[in-house]
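This briefing covers how the chains meet, how they are related and what lies in the nonpolar core.

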There are 2 protein chains.
Amino acid sequence: MNKGMLIVVSGPSGCGKGTILAEILKNDKFFYSISATTRNPRPGEVDGVNYHFLTKQKFEELIAGDGMLEYAAYCDNYYGTPKKPVEDMLNAGKHVILEIEVQGAMKIKEKCPDAVFVFILPPSLKELRRRLNKRGTESEEVIEKRLGEAAGEIKYAYKYDYALINGELSEAVDDLLSIIRAEELNTKNSENNINEVLENA
Amino acid sequence: MNKGMLIVVSGPSGCGKGTILAEILKNDKFFYSISATTRNPRPGEVDGVNYHFLTKQKFEELIAGDGMLEYAAYCDNYYGTPKKPVEDMLNAGKHVILEIEVQGAMKIKEKCPDAVFVFILPPSLKELRRRLNKRGTESEEVIEKRLGEAAGEIKYAYKYDYALINGELSEAVDDLLSIIRAEELNTKNSENNINEVLENA
């Protein structure tokens, strides 16, 4: 069995990455990596579903024991990606999806150069503004802030292996599946297959 | 408009690459590169369809003028890939498919490191033998020779970017299309797209 691949997905707020990933995750060959945090659960949030909610002591033990793929401190709390569930799932042959912002992705890139880095783009900043407005959950001021952040994040897209535009959802899903299939067929990941052909004479 | 990609396809005789490429070529965003040769046309062969049939003098002029992407001499005749039609089609945004044996592919790799190299594998050497037998056009001796050649060629699969197994035709076609789509989305080929998103504020 081939090992699974670590697939790192980023994209600005409103680009629709959550919707794309929800489609992909219907196939159980994918596993969604759940982040850990030391902040308190908000009402309705479930441990192990939204986050792994850890104590500060436990989080710092994981850091000290090289147990985090990446982590950051934000507003007096830690956020990060525990290494063990990712490695267990990769060893079980599953592709692990890691949805993460650009700074975290760049840290993963240093540690896991073999991971596949995918950036999801909105068709345009204009369309991103329209989508954020349509949500109706955020003030004009917050939307302007998100658009400024989006422009900054999109400049990192060049550092990813792939950049796909989420115009039509079904096309974006097909694009992401094509990327993953192509990576499976990449000779750096499919030596086993070539050997099998030769051995089965 | 993005430039097209050069897609180099190899695989042993009987692996079914011709059938896969015939499916792909139904889409006119692809262009099949026709080889040039100095050998005489066989009955039924058409200039510009099966080969570009050139005089020895013309072929040697092209070599001297750096007009061949690769060439080889075989049985007193030249065989090769004229550079100009390939470049013209790439500039027109078409993906150029180059079906070529492994030695020629390795020469292309030196000259065009950005090309995409795809190796098509039979499911097994056993299945390749079955397919060659089923054709019924070749003697047992020739089939044994082909199988020996196939095993030698398959060892080169590791030097390609991708290796796909042609078990079911439709799956192999989908795999090749996934590879090509992923390459289109690779950030090394899609800078234009990222810039467009940022410019369209």
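The points below are grouped by topic.

This is a predicted model, in which local features need pLDDT of at least 70, side-chain atom pairs count only at pLDDT 80 or more, and totals for chains, interfaces and linings use all residues. Residues are numbered from 1 along each chain as its sequence is written, and chains are lettered from A and ligands numbered from 1 in the order in which they are written.

**Interface**
- Chain A puts 32 residues in contact with 32 residues of chain B (contact: C-beta atoms, placed from the backbone, within 7 Å).
- On the side of chain A that touches chain B, two or more residues each come from α5 (125–135), α6 (140–154), β9 (162–165), α7 (169–185) and α8 (191–199) of chain A; helices are DSSP runs of H or I with at least four residues, strands runs of E with at least two, numbered from the N terminus.
- α7(A) gives the largest share of that side, six residues.

**Symmetry**
- Chain A superposes on chain B after a rotation of 180 degrees with 0.0 Å of shift along its axis (RMSD 0.0 Å), by least squares on the C-alpha atoms of residues with pLDDT of at least 70 in both.
- That is the relation of a two-fold axis.
- Both copies use the same surface, as 100% of the contact residues of chain A recur in chain B.
- A:Ser178 is the residue of chain A that comes closest to the rotation axis, its C-alpha being at 2.2 Å.

**Contacts of A:Val118**
- Leaving out residues up to four places away in sequence, A:Val118 touches A:Ile7, A:Val8, A:Val9, A:Tyr160, A:Asp161, A:Tyr162, A:Leu164, A:Leu176 and A:Ile179.

Technical notes: Contact = placed C-beta atoms within 7 Å.
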